[in-house]
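Please open the structure in your viewer and keep the selection tool at hand. This tour goes from one selection to the next and says what is found at each stop.

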Amino acid sequence: MLLALTAAGVTVLIDATAGRLPALAYWGRALPGLDAEQAQALVATGEPVAGSNDPEVRPRVAVLPGHDAGWTGRPGLRGSFAGVGWSPAFTVAAVTVDGAPAPAFHAGGPGRVEVRAVDDAGRLELRLVLELLPAGLLRARAALRNRAAEGYALDDLVLAFPVPAEADELLDFTGRHNQERVPVRSPFPAGTHLRENRKGRTGADSAYLLHAGTAGFGFAAGRIWAVHTAWSGNHTHYAEQVHTGERLLGGGELLLPGEVRLATGETYEGPWVYAAYGDGLDEVARRFHRHLRARRPPVSPRRPVTLNVWEAVYFDHDLDRLTGLAERAAAAGVERYVLDDGWFGSRRDDTSGLGDWVVSAQVWPAGLHPLVDRVAQLGMQFGLWFEPEMVSPDSDVARAHPDWIMAARAEWPVEARTQQVLNLGLPEAYEHVRTQILAVLAEYDIGYLKWDHNRDLIEAGTRPDGGRPGVHAQTLAFYRLLDEIRAAHPGLEIESCSSGGARVDLAVLERTDRVWVSDNIDAHDRQRIMRWTTQLVPPEYLGSHIASGRSHVTGRRHDLAFRAGTAVFGHLGIEWDLTGATPAETAELREWVAFFRRERELLLGGDLVRMDGYDDRVLVHGVVAPDRSRALFAMAITDSIVPDPVPRLRLRGLDPAARYRVGPVVVGAEPAGLIAPRWWGADRSGAVVTGAALELAGVACPRMYPDQVQLYRADREPAGPR
Ligand code: GLA
């Protein structure tokens, strides 16, 4: 069968002929005129000659690459029946397209192809699903079932997508706590560029998206292919080039030794591995954004402005103080109030209490009611922090059930943040945390959970089971817990936090509505962290707060205009002790909140553009309304640079032929050190230019101090006679 799927400018030609596992004969920019004859021609003309001293027939690389085909690169499947059956040869038994038996040739739009195959010995059954989504994203997933009488030890299952030889530059990410998603570029190496995660969570240093593209690819241009493993536990991303020149991008779950042993009839299902093609990084990102925006239930761009109390009070849970903060917040225009860590059990600091999800009678003698009620009276929604997968050794639950803590041996693993991990793979431990969370949700009117996860899973085994690896089961249990809580409370929103932004992936985003991008709220760093987090996640999902004037993480001091002008390009919040803000700051903050509330549908619902061509310390980005009638842009300058002022501001994404009134947005104070170009006009009304001129010629920039941001608006002029 040859199956050609085309959606949103992307074509995938799946070759499942002659009973062989599906391989991608083509994946990239849409190919017009792909009828049966052309599809066959494409496959036939693409067949390579054998390499010198290689097998006679050049290995055909399936989405699950197989050693049996002569492939000596990384196999898709590794495992055995006690050393036997380690190189299965699969034959396809059935192929369906959108649920119906596949014809010899199919051409269509978005669709789902399902392939069922059985190995030569009849012991393993493989189900491969390939979907081309309406956003033009391709995703694949494999399930493996053991049909034999004996157990099958599964070591590894990865799926891979071919990229052409012109894709010779890689871009992926690294990072750490407070510095998430730092981009790394490298040449496509010979051999393997391997990113393995053994943290049991997505990780602040996760590869995130692994791209391969034509030399020098940027936001606007370059042919780019990318993969993302949608999994919040241990996982793999890799780029591989073998001696014959085949290049692949792949991913899957990373399994610990002995973690998955399939007894007769049992099935392992791997995560979705997403594959995106785009002309430019913005197009790659936009496909993921469209996909998440099509999620059900969707996240509305009319997101409530949030106040999170963490950096304002930390563990000082004093009712008067928190009520005073709520009043200040409501007066500033805040719509959701989130009580962070410290409300439960013995949690008076970060050394105890995790796992005891019962309101502390010591600090909350009347329960959370007085605060929850006051927040409601003030017209705000109430949100609450949990860290459901964690336990403090100093907690009632750890004392009562030491075996519920994940460990590979009798001793507990090394501590991190004075905490250990609760084994949700154990039904009793799962039930404990589920029941406690549901009890709190039943007692209070809570519209929002901040779901945290503040340490890596190290030696995360199941003690009652001899310490066997438990990360796979833990990850599935985490998803199930989210699903059950959401099902019990439809409409409840959940934020995925993990020491800041260490759990950001497409599997967690199927079940959560916001990510806490980073514990680092310093606008200087946030400009970059936000810029790259949007490579996968659209702005409305990014928890983006205005913190106090001096960053609690870096110690840097910034003007409110810079902090706010940075934060409004995500889901806006405040994380600052407003009771200490000056009247001038309070007034300026109110203006920013009002600006965000006025513009949030554009800020959080528009198409993101990021501009190339500036010094790395100058970051230009914006959001354009889908009908291109309006846009908001920002230019941030994060250091002293040469030249100064920076070269012309060029803005992309508008209708080239339309005329736009372009000018600065002034909210509160103008950037410090501002010397405005003449075209802004004394009244800051700007000028009228075409979309094409704005992109190709650009307009003169102002001068301003470092660590300042200038916002711009572009509004299409009414059409008609001039
Ligand atoms: C993590 C989160 C913070 C805060 C603290 C509370 O570090 O990232 O936002 O919730 O935990 O302990």
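The stops below cover salt bridges, aromatic rings, cavities and a pocket.

Before you begin, note that this is a predicted model, in which local features need pLDDT of at least 70 and side-chain atom pairs count only at pLDDT 80 or more, while totals for chains, interfaces and linings use all residues. Residues are numbered from 1 along each chain as its sequence is written, and side-chain values use heavy atoms, with hydrogens and water left out.

**Salt bridges**

Select arginine 652 and aspartate 282, which form a salt bridge whose closest N and O atoms are 2.8 Å apart; the term stands for a side-chain nitrogen of Lys or Arg within 4 Å of a carboxyl oxygen of Asp or Glu. Arginine 652 lies in the loop between β36 (630–637) and β37 (659–665), and aspartate 282 lies in helix α2 (residues 281–293), so the pair ties together parts that are 370 residues apart in sequence. The helices (H or I, at least four residues) and strands (E, at least two) named on this tour are DSSP runs, numbered from the N terminus. Are arginine 652 and aspartate 282 buried or exposed? Both are buried, where buried means under 20% relative accessible area, exposed means over 50%, and partly exposed is in between, with a 1.4 Å probe and protein chains only.

Next, select arginine 321 and aspartate 577, whose side chains meet in a salt bridge at 3.2 Å, N to O. Here arginine 321 belongs to helix α4 (residues 319–332) and aspartate 577 to the loop between β33 (571–575) and α11 (583–605), so the pair ties together parts that are 256 residues apart in sequence. Arginine 321 is partly exposed, with a relative accessible area of 28%, and aspartate 577, at 21% relative accessibility, counts as partly exposed too.

For a third pair, select glutamate 335 and arginine 600, whose side chains meet in a salt bridge at 2.9 Å, N to O. This pair links distant parts of the chain, with glutamate 335 in the loop between α4 and β23 (336–339) and arginine 600 in helix α11, 265 residues apart. Both glutamate 335 and arginine 600 are buried.

To see a network of salt bridges, select Arg112, Glu114, Arg127, Glu131, Arg139, Arg141 and Glu269, which are linked in this way. How many salt bridges does a search of the whole structure find? The search finds 57 of them.

**Aromatic rings**

Now turn to the aromatic pairs, of which the count comes to 23; rings of Phe, Tyr and Trp (its six-membered ring) pair if their centres lie within 6.5 Å, and planes under 30 degrees apart count as stacked, over 60 as edge-to-face and the rest as tilted. Select tryptophan 680 and tyrosine 712, an edge-to-face pair with 6.0 Å from centre to centre and 80° between the planes. Tryptophan 680 lies in the loop between β37 and β38 (687–690) and tyrosine 712 in strand β39 (residues 708–716), so the pair ties together parts that are 32 residues apart in sequence. Both tryptophan 680 and tyrosine 712 are buried.

Then select Trp343, Phe344, Trp357, Trp385 and Phe386, which ring pairs link into a cluster.

Rings can also meet charges, so to speak: select arginine 503 and phenylalanine 478, where the charged end of the arginine sits over the ring, 3.6 Å from its centre. A charge sits over a ring if NZ of Lys or CZ of Arg is within 6 Å of the ring centre and within 35 degrees of the ring normal.

**Cavities and a pocket**For the enclosed spaces, select Gln527, Met530, Arg531, Phe569 and His621, which, of the 13 residues lining the largest cavity, lie nearest its centre. On a 1 Å grid over the protein atoms alone, a cavity is a set of points where a 1.4 Å probe fits but cannot get out, a pocket is an open set with protein on both sides within 12 Å along at least five of seven lines, and lining residues have an atom within 4 Å of a point. The largest cavity has a volume of about 150 Å³, a volume being the space filled by probe spheres set on the points, with grid points joined across faces, edges and corners. The largest share of its lining, four residues, comes from α9.

Finally, select Ala23, Leu24, Pro59, Arg60 and Val61, which lie nearest the centre of the largest pocket among its 48 lining residues. This pocket has a volume of about 1200 Å³, and β3 gives the most to its lining, with seven residues.
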